[in-house]
Structures are given as C-alpha cells and as structure tokens.
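The following exercises concern helix packing and residue burial. Each task is followed by a solution worked in steps.

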Amino acid sequence: MDTASQRLVFYQFLGSHSLLIGLLPFYLPVFLWQSGIGLANITLLIGISGLSFCAALSGWQSLSRRLSTRLLLCITFALECLLVISVFYTSDHVVSIALLGIANGFYNAFFWTTQRTLFLQLLGKNDAGKRYGNFQIFVTVFLKVGILIGGVLLDAGGLPWLLALSALVGLISSVWFYKKAAPGQLHETEHIGFTTALAFSDNKRSRPVFMVDGFFLFLESHYWTLSLFMLANENFARLGVVVVVLAVLFALMFYLIKNTIDTLAISLVYRSAVILYALSWLLRCLVDDDVNASVLLLLLLTITFCSSFFRLAFNKRFFDIAQSSAGIGYLIIKSYQSQFFLGCGFVLTALVLNLSEQSSAAPLTLFYLAGSLASLVYWLYRR
C-alpha cells in the first residue's frame, strides 16, 4: 500500500474512532458520577483500566504480528462495542467497576497502540509537530460531533440508542476497513515483555516522564471532564456545548501553532510548554461557577491552550525520539510504564478515598495542585 493510501486509511480509522469516543467513552466519568458512583470507584476504574491496558499489550503485540492490519482494525471496533455494552450494565458494585475497567483498558490498549503505530509509520523527516497537529484538528471535528450527539442522547435517557448507534458505526467501519486496509501485518518488531519494558531507561530521561504521563492523561480525560460537568450543572448536553465552544475558539490558534512548531527553537518551545502546562493545573483550581462568566471563559480558554500546546510539544518530542530510536518498541515501552504506574497509583488513591469515605468532588482541587508540581517532571525529557 502506498503512502497516500496509508494516510487515507489512518485518517478514516482516526475519524471513526473519534466519533465513537465522543458518543460515550468521553462521557464515561460523568455518566458514572450521575449514576451515583462516587469518586473512589471512578478512581478505581481508572486504576484497573491502566493495569488492564498493560495486560492487553502482550496480546496486541502477538496479534499485530500474526493478523493482517485489516483484522486488527476490526478488533478495535469490537472492543469499543464491548466497552459500551459494559457501561450499559455498570453498577456501583466493585465487581461491576472492575469489569468495566477491564473493558476500558483493553479497548484503550488496542486502539491507542494501533493508532500510534500507524502514525509513526507515516512520519517524514522533522514533521512530527505538523502531522500531529493535523491529526489533532481532524480528531477534534469528529470527536466534537460525537460529543454533541452523545450529550443530547444521554440527556434524553437514550443510552440504548447510544449502544445501537455505536454498534452500527463500529459494524460499518469494520466492513469498510476489512475491504480497504492493508492485508499485511502492522509490524514485525520483536515482542517486548512487561519486565523488560518496566526496567527500561535511557539518557533521554524517558523513564520518569513515562511514569507520570499516564496520570496526566486520565487527570485530563476523567477528572477535568468531571469538573466541567459540574460547571455545566451536571447536564450532558450543556457539557457537550461547553467542550465544543472551547474547541472552536481554540482551533485557529492551534492551527497557527502546529504549522510553525517544527521550525521554532525546539528546546525553548518545549520548556515553555511545560511551564504553561504546570500553570494550567493551577488555573484549574480557580474554576468555579461563582466566577464571573467572562473571567471563567478566559480561564477555560487559557487552560485549553496551555494543555493543547503542551501535548503538541510533548508528542513532537516523543515521536521524534521514537522515530530515531526503537520505533514501535519505544511506543510499547512507554505504554507499559505509563499504564502500570498510573494503574498502581489510582488503585491506591481509590483505597484512600474509600477509607476516608470521601463522596464529594472536593479532592479534585488537591489532585490539580499535585498535578501542577508533578508536571515539572516533563522538564527532564531530552531530545
């Protein structure tokens, strides 16, 4: 398959999954919260998701070498459908939370690892920033469409409709990719075991960065989404509108940045992004519905800018290093380390929250303060 065809398949794969994530997985923490599941069990879900991600990586490596790319892409859609079904049957019982966490971890492992591998294979020389920016903008369009549809349906009590819609999109996508994707294997990299990955370190200080990165991905995707949900008066449709408005207002700024980041002073851009990221976690502590509407909008836009700018700079550095070193193996090592440490960390945090009988969202401010300090670890990352 030529490069143009590979790129087309990659974007189609990205778009269909972005739509599916927006329909329900995006709303997972807030749906559980509104269903009466407290912060301790949501935190436990995150921890189990991380550990399940680690467990699934071994299977992903084996299947990605044995099965065709088209079949591997189809598996990701089947796992997404399984995740949505698991949400349908979730309760506040710890076994139910564990099963949902396992489904979430396996889906994330297969989707994100496949997506990052496909992306890495499309990179040219010194274009990671621009290409990552391009696919982030592409993701934003489909993700926000899914978020709007998902918010309206959830507010209308349409969880069965979301299940049916997710299954339909997954089925159509699977048939499409079975016909269009490459018949060969995704990669032939040597299998990397859990203990080997966990022991990995290099002179770029990847290890400490990988150890904290998983925490931040879930702080942003679950805890921060929960904060925005409360800001939107626990209304799914309103939350969807808030997220989409922020994305639209930010889109032009992000477009300009992603087209220039590969030509700017790399170290200066990265370090500036780390400082802004630390600032974004401090600003999250100030977000409250008592704040003046104009100030609140400015706060949310600043947080969105700082976080997105950092992710652009960080992923440029990450994929540049991966491209010049161990390639797909570097991606897998990062996933093992990030997911294992976040899994252990969130399971322990869930235990503390449970023992303290903390049922409110008050600890979120403490998590954001801790995030501001911990984000400085990214400063260690070297080219």
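**Exercise 1.** Within what distance do the axes of helix 9 and helix 12 come, and at roughly what angle do they cross? Classify the pair and describe the contact.

*Solution.* The model is a predicted one.

Step 1. The axes of helix 9 and helix 12 (residues 293-324) approach within 13 Å, with a crossing angle of roughly 155°.

Step 2. Angles over 145 degrees count as roughly antiparallel. Helix 9 and helix 12 are therefore roughly antiparallel to each other.

Step 3. The handedness of this crossing is left-handed. Helix 9 contributes to the contact residues including Val 209, Phe 210, Asp 213 and Glu 220, while among those from helix 12 are Ile 303, Ser 307, Arg 311 and Phe 314.

Step 4. Sorted by class, the contact of helix 9 with helix 12 comprises twelve nonpolar, one polar and three charged residues.

**Exercise 2.** Characterise the crossing of helix 3 with helix 5 by angle, handedness and residue class.

*Solution.*

Step 1. Helix 3 (residues 39-66) and helix 5 (residues 94-122) have axes that come within 6 Å and cross at roughly 45°.

Step 2. An angle that is neither under 35 degrees, nor over 145, nor from 65 to 115 counts as oblique. Helix 3 and helix 5 are therefore oblique to each other.

Step 3. Helix 3 passes helix 5 with right-handed geometry. The residues of this contact comprise 16 nonpolar, eleven polar and no charged.

**Exercise 3.** Decide whether Leu 226 and Ser 280 are buried or exposed, and list their contacts beyond four places in sequence.

*Solution.*

Step 1. Leu 226 belongs to helix 9 (residues 206-231), and Ser 280 to helix 11 (residues 266-284).

Step 2. The cut-off for buried is under 20% relative accessible area. Leu 226 has a value of 0% and is therefore buried; Ser 280, also at 0%, is therefore buried.

Step 3. With residues up to four places away set aside, Leu 226 touches Pro 29, Val 30, Trp 33, Leu 39 and Leu 364. On that basis Ser 280 touches Ile 303, Cys 306 and Ser 307.

**Exercise 4.** Which residues have the most contacts inside the largest nonpolar core? Describe the surroundings of one of them.

*Solution.*

Step 1. The largest nonpolar core holds 113 residues, and Tyr 223, Leu 239, Tyr 378 and Tyr 381 have the most contacts inside it.

Step 2. Neighbours within four places in sequence being left aside, the contacts of Tyr 381 include Lys 204, Arg 205, Phe 210, Tyr 270, Phe 314 and Tyr 330.

Note on methods. Residues are numbered from 1 along each chain as its sequence is written. This is a predicted model: local features need pLDDT of at least 70, side-chain atom pairs count only at pLDDT 80 or more; totals for chains, interfaces and linings use all residues. Side-chain values use heavy atoms; hydrogens and water are left out. Axes are lines fitted to C-alpha atoms, for helices over the stretch in contact, and angles run from 0 to 180 degrees between N-to-C directions. Helices (H or I, at least four residues) and strands (E, at least two) are DSSP runs, numbered from the N terminus. A crossing is left-handed if the near helix is turned anticlockwise from the far one by less than a right angle, and right-handed if clockwise. Ala, Val, Leu, Ile, Met, Phe, Trp, Tyr, Cys and Pro count as nonpolar, Asp, Glu, Lys and Arg as charged, and the others, Gly among them, as polar. A nonpolar core is a set of buried Ala, Val, Leu, Ile, Met, Phe, Trp, Tyr and Cys residues joined through side-chain atoms within 4.5 Å. Buried means under 20% relative accessible area, exposed over 50%, partly exposed in between (1.4 Å probe, protein chains only). Contact means heavy atoms within 4.5 Å.
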